[in-house]
Amino acid sequence: MTSAPAPIQRMIDATNAGDHDAFLATFTADAVLVDWGKEFSGTDSSGTDSIAAWDESDNIGRKAHFRVADVEKDGDAWLVTLDVTGAGFNGTGNFRFMLTDDLIARMEITP
């Protein structure tokens, strides 16, 4: 199995450590996160960074823990299968990442 690229591994490590600031530091300033079709990008009408809010409501805030099951390159994208546990979603998640300058520019989570 191929290893996850450094920015993806940093995101996984930050999630597993419960480190919100380190999690956010893995994304570009204009990153987009899509969670089962719902898109998070930029700031919402209340001025809250939407990826930060997603992290608090659906990821670290739910004590998510990721274990890499598979990694593969697909053109410019990385496809990563993660086994997810925690107080929210539990099961296998398929993640598609686009990277820019050693950061995550786009993260899509699909069933």
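Here are three short exercises on this predicted model, each with a worked solution.

Residues are numbered from 1 along each chain as its sequence is written. Local features need pLDDT of at least 70, side-chain atom pairs count only at pLDDT 80 or more, and totals for chains, interfaces and linings use all residues, while side-chain values use heavy atoms and leave out hydrogens and water.

**Exercise 1. Describe the largest pocket and its lining.**

Step 1. Start with the volume: it is about 290 Å³. A pocket here is an open set of points on a 1 Å grid over the protein atoms alone, where a 1.4 Å probe fits, with protein on both sides within 12 Å along at least five of seven lines. The volume is the space filled by probe spheres set on the points.

Step 2. Find the lining, meaning residues with an atom within 4 Å of a point. There are 19 such residues, and Asp35, Trp54, Asp58, Val84 and Phe89 lie nearest the centre.

Step 3. Place the lining on the fold. Two or more residues come from each of α3 (50–58), β4 (77–85), β5 (91–100) and β6 (103–110); these are DSSP runs, with helices (H or I) of at least four residues and strands (E) of at least two.

Step 4. Sort the lining by character: 8 residues are nonpolar, 8 polar and 3 charged. Gly counts as polar, and Asp, Glu, Lys and Arg as charged.

**Exercise 2. Which residues of α3 are buried, and against which elements do they pack?**

Step 1. Pick out the buried residues (under 20% relative accessible area, 1.4 Å probe, protein chains only). They are Ser50, Ile51, Ala52, Trp54 and Asp55.

Step 2. Look for contacts (heavy atoms within 4.5 Å). These residues pack against α2 (20–24), β1 (27–35), β2 (38–41) and β6.

Step 3. Check the start of the helix: a side-chain oxygen of Asp49 comes to within 2.9 Å of the backbone nitrogen of Ile51.

**Exercise 3. Examine salt bridges in the structure.**

Step 1. Apply the criterion: a side-chain nitrogen of Lys or Arg within 4 Å of a carboxyl oxygen of Asp or Glu. The structure holds 4 of them.

Step 2. Take Asp83 and Arg67, which pair at 2.2 Å, N to O. This bridge links strand β4 to strand β3 (residues 65–74), with the partners 16 residues apart.

Step 3. Continue with Asp74 and Arg96, at 3.3 Å, N to O. Here strand β3 is linked to strand β5, across 22 residues.

Step 4. Finish with Glu108 and Arg106, joined at 2.6 Å, N to O.

Notes. Buried < 20%, exposed > 50% of the residue type's maximum accessible area, 1.4 Å probe, protein only. Polar contact = N/O pair within 3.5 Å; in protein donor to acceptor, adjacent residues only side chain to side chain.
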